[in-house]
Amino acid sequence: MWGNTSKIERILFILLVLLSVGTWFVIFHAGYVLTYNDAASHLNIARRVVDNLTPGLAQIGTVWLPLPHVFMLLFAWNDMLWHTAFAGSIVSMISFVVCAFFVYKTLMLLTKNKWSALIGTAIVAFNPNLLYLQSTPMTEPLFLATFTLSIYFFVRYMEFEQIVDLVLTGVCVALATLTRYDGWFLFVALLIIIPLRALITKSSKKAEGALFLFACIGGFGIALWLLWNLTIFHDALYFITGPYSAYAQQKVLRSVGQLPTQGNLLTALSYFTWSVIDNNGFILTGLSFIAVCVLITRFKDKKTWYLILALSSPFVFNIIALFTGQSAMNVPQAAANPGYFNIRYGMLVLPSIAILIGMLSDRRVFRYIAVIAISIQLIWFVFSGYPVTLTDGILGLKNTYYTVEASTWLREHYAGGLILTSLASHDAFVARAGLPMRNYIHEGTREYWQNALLHPSHQAQYIATLSYPPDVVYRALAKNPDFIKNYTLVHSYGTFGIYERK
Amino acid sequence: MKRNIPYFVIVCISVFLGILFFSPKQVVRSEGQSPAIWPVRSVDTMKTSRDMARVKLNDPSYDTSIQKELTRIKELGANYVTIDTPYDDEFYPYLLRWVTLARKTGLHVWFRGNFSGWEGWFDYPKNIDPQEHQRRTAEFIATHSELFQDGDAFDPCPECENAGFWKQPEGNTAFNEFIMNQQVVLKNSFDQIHKNVHINWTSIIGGRAKEVLDTQAVRALGNLITIDHYVKTPKDMETYINYFSQSMKSDVLIGEFGAPIPDINGPMTEDQQANFVDSIFNVLYAKKQYVEGVNYFALSNGTTEIIDALGNVTKAYNVIKKYYIPGQITGDVTNTLGDFVSNEPVKTIDGTNQTVTDAKGKFSLVGPAVPTTIVVGGKIYQSLQYAFDLTNGDTIHSNIQLSPIKPNRIYIIRLWLRSFINTLKQRFTS
């Protein structure tokens, strides 16, 4: 695979690397790498494995799937790479290059036409929303890379019928399942598509074999995650039932009526379609929709159908997640409470859009249409202002601006001692303060944490807490006599306060 | 199969556009506005909405009295009613009754209550510190989103300085920080519940605001200082407005004003009260470019009342009504050639209200509902005086023709030509 790279692939690879590094440089100097609080959280999860009062792999936790943090761990041990957040950005940057490069390779396999492949690659590479996300420690770029790799090997498997390609499909899907829950749906989709195809084109015995092999390898990541939860938290489903799970967060949103898509399929479809348009552009989204219809009618070979089914999995998954209330999202086009919250999910169909348009443009007339469409879309993006993924991050940062104020204060006034805070709530505050994580007492520091919530003055020099909506520290200490007697407020911004031991 | 491609493309585009078409769109509504001197015209109900909160808490029949008060406020021309019920759980049902009736009456609500524990109202222990106040404020907004509507105003702590946490001068910095922090809490809280509520109408006693507020805090308040200001003379009011507008580059909202306050104004007859209120409102009118609005304190049950115990209105009520439901004079100004006259001054004869004509010669002056004489012109054109009897809510329109003070040669030639053509027209038509 890598040994057979052509000259154009090598040039493309270098250009993608340059584009990735250049974009990171711009974003870093604009100070936008950590606009998402989640970005800071991902970075800290990796860091606290090595820099902690109680270091260890258990710090990977259960809030998010582990693969992004495992990769970040390779770099986050280094102070400079952690402080600059490059430890997280580099994982996303590599993912970006892999994603765009393998869109090219997938399209070369499908169309044998370099122009079609380059059109698909351009759609990925020049998308401003992905270019922003690939500069941050977010999990979407890594998912896009594992998704594209899965599709690439799946296409190879359909093309060459080599068992090694099925194994590699399984491996990549397993990596996707350890990156985002979208990967779990991809696994289920391929678990149906692969044996179904074998059943239709070959025999039931072949289908059985393919099912078994793919289930074992592709499902390995899910099994590993369940085992991890069972071992560390004594509940295989802790990631669903735990207090910091997405389900728990959605429950809070539901209670204040902020899940408009739940139980309304049309609204869920509308919200996600708008998010896809906002992320990938109206023209390219529309063109990919046309591509699906044209491709279905064009090929006698049903291979394309299976591929389209696999490519549609992120779209279907996100609509189901919104409909069932497992996921929350807002779009600026919404009638009630318009916004940008989690709008980046629409980005997850970008490789699908790119591959579909690339496949469509193996005919000359469509190739010209695609080039014109990409050009107009790029101009449109330029005149649209900030990418929506960046807007989402900036708006999120505004809502938690206290993390900026409080971290600045702490960095300037910290005079030694342990800091008690809820990392689950204030990861961004800790990341921005830039103090070693071993200075913090947080949920992952076991007995330190338990003791500090009972007798804070025995251990904590500082307490950083949000009084409303109350975080776990405030709830534990608001009426604690030790806290009331021994601490004084030294900084406050909104309802976030830093208290210092008298 | 290839023949089907155009058909499929059309279907695809239709479905795609269909999804977008049927998806919910953002609806923008705008509120019709009648002419007003100030954007904010409010009347305070503290004597009933706060002082009666415990006594009438479980007395639904009191709603009739509340409704009568609200109707009087609406008839006065106010667009806000100030409700001062405390924010504690105990009084929430009473607050909700007031708010519900205010909505029915078509009034925005200016919330000016507080937590009773801040100053120790209603025998509550005085046990709230500034940080706890911010927390309770955030909690109150988040848990009572049904209370608020876009356009309302929320002051979590009117005259917050009264609790005594910030001694002067050593507590000035902390007070300014508290004010700024309060704005952060309010903005975040209302953003969370997606309500567009005015959060910077933070009442501070006039003298305290002048002595303590720093430029940073004023900026955090959106360059709007809300003062509770009882004065002895109209000059006192004017001095404060001038100070804030000139030294702090800030507009002023009168959070409380009423008369007579016995300690300041001594006793007053009904006529004296009406005259004094008129003189103060006239200052606010003359300074309207710096004044965001006024909250008259209070409607009933006190020396400053404008409806008596029987619900009858006083003379001061009618004085306020002149300002709250003003009249409007509009005009189209042309010269003797029939051209639009732009940028020509239009002012009341006493100079308290002035404007200039726009590019199409139009002007609009909003003023109290009293006989008004305006002067049009005086810059390039000869000024003319027009007298109008402005009544509440009426708009009087007039077409005004002006002659230049020093017409240039082109003007004279055009005028001569116009006259010549008109003469010819008359000859031929007769």
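Two strands pair if DSSP finds at least two bridges between them. I write this down before anything else, since my notes on the sheets rest on it.

**Entry 1: a strand with two partners in chain A**

I began with β5(A), and I looked up the bridge partner of Thr488(A) in that strand, which turned out to be Glu500(A). Thr488(A) falls within strand β4 of chain A, residues 487–493, and this strand pairs with β5(A) in the antiparallel sense over six bridges. The two strands form a hairpin with two residues between them, and in this hairpin I noted that Gly494(A) takes a positive phi near 60°. On looking for a further partner I found strand β3 of chain A, residues 460–466, which pairs with strand β5, residues 496–501, in the antiparallel sense over five bridges. In that pairing the bridge partner of Thr465(A) is Gly497(A) in β5(A).

**Entry 2: how far to trust the model**

I remind myself that this is a predicted model, and I copied its overall scores, which are ipTM 0.76 and pTM 0.79. For chain B I recorded a mean pLDDT of 92, with 92% of the residues of chain B reaching 70 or more. Where in chain B does pLDDT stay under 50? I found that it does so over residues 24–32, for which the model has nine contacts beyond four places in sequence.

**Entry 3: the sheets of chain B**

I then traced an open sheet of eight strands in chain B, whose order is β4-β3-β2-β1-β8-β7-β6-β5 and whose pairing is parallel. The edges are held by β4 and β5 (203–205) of chain B, and because each has a single partner strand, one side of each is left without a neighbour in the sheet. Within this sheet I checked strand β6 of chain B, residues 224–228, which pairs with β7(B) in the parallel sense over five bridges. As one residue pair from that pairing I noted Ile225(B), which stands opposite Val252(B) in β7(B).

I also followed an open sheet of three strands in chain B, in the order β12-β9-β15, and here the pairing is mixed. β12 (362–367) and β15 (395–402) of chain B stand at the edges, each with a single partner strand, so one side of each has no neighbour in the sheet. From one strand to the next the twist of this three-stranded sheet averages 20°. I looked more closely at strand β9 of chain B, residues 327–335, and found that its pairing with β15(B) is in the parallel sense and runs over eight bridges. Asp332(B) has Asn399(B) as its bridge partner in β15(B).

**Entry 4: two helix pairs in chain A**

Back in chain A, I looked at helix α5, residues 86–111, and helix α6, residues 114–125, whose axes come within 8 Å and cross at roughly 155°. Angles over 145 degrees count as roughly antiparallel, and α5(A) and α6(A) are therefore roughly antiparallel to each other. Their crossing is right-handed. On the α5(A) side the residues that meet α6(A) include Cys99(A), Val103(A), Leu107(A) and Thr111(A), and among those they meet in α6(A) are Lys114(A), Leu118(A), Thr121(A) and Ala125(A). By class, I recorded 10 nonpolar, four polar and one charged residues in this contact of α5(A) with α6(A). In the loop between α5 and α6 of chain A I came upon Lys112(A), whose phi is near 55°, a positive value in a residue other than glycine.

The other pair I looked up is helix α2 of chain A, residues 37–47, with helix α23 of chain A, residues 423–433, which pack at an angle of about 85° with their axes 8 Å apart. That angle makes α2(A) roughly perpendicular to α23(A). The contact brings residues of α2(A), including Ala40(A), Leu43(A) and Asn44(A), to others in α23(A), among them Leu423(A), Asp427(A) and Val430(A). I recorded the residues of this contact of α2(A) with α23(A) as six nonpolar, three polar and two charged.

**Entry 5: cis peptide bonds in chain B**

Most residues other than glycine have a negative phi, and most peptide bonds are trans. With this in mind I noted that the peptide bond from Gln168(B) to Pro169(B) is cis, with omega near 0°, and that Pro169(B) lies in the loop between β4 (153–154) and α7 (172–192) of chain B. A cis peptide bond also joins Ala259(B) and Pro260(B), where omega is about 5°, and Pro260(B) lies in the loop between β7 (251–257) and α11 (262–265) of chain B.

Definitions and conventions
Residues are numbered from 1 along each chain as its sequence is written. Chains are lettered from A and ligands numbered from 1 in the order in which they are written. This is a predicted model: local features need pLDDT of at least 70, side-chain atom pairs count only at pLDDT 80 or more; totals for chains, interfaces and linings use all residues. Axes are lines fitted to C-alpha atoms, for helices over the stretch in contact, and angles run from 0 to 180 degrees between N-to-C directions. Helices (H or I, at least four residues) and strands (E, at least two) are DSSP runs, numbered from the N terminus. Angles under 35 degrees count as roughly parallel, over 145 as roughly antiparallel, 65 to 115 as roughly perpendicular and the rest as oblique. A crossing is left-handed if the near helix is turned anticlockwise from the far one by less than a right angle, and right-handed if clockwise. Two residues are in contact if their C-beta atoms, placed from the backbone, lie within 7 Å. Ala, Val, Leu, Ile, Met, Phe, Trp, Tyr, Cys and Pro count as nonpolar, Asp, Glu, Lys and Arg as charged, and the others, Gly among them, as polar. pLDDT is the predictor's confidence in each residue, from 0 to 100.
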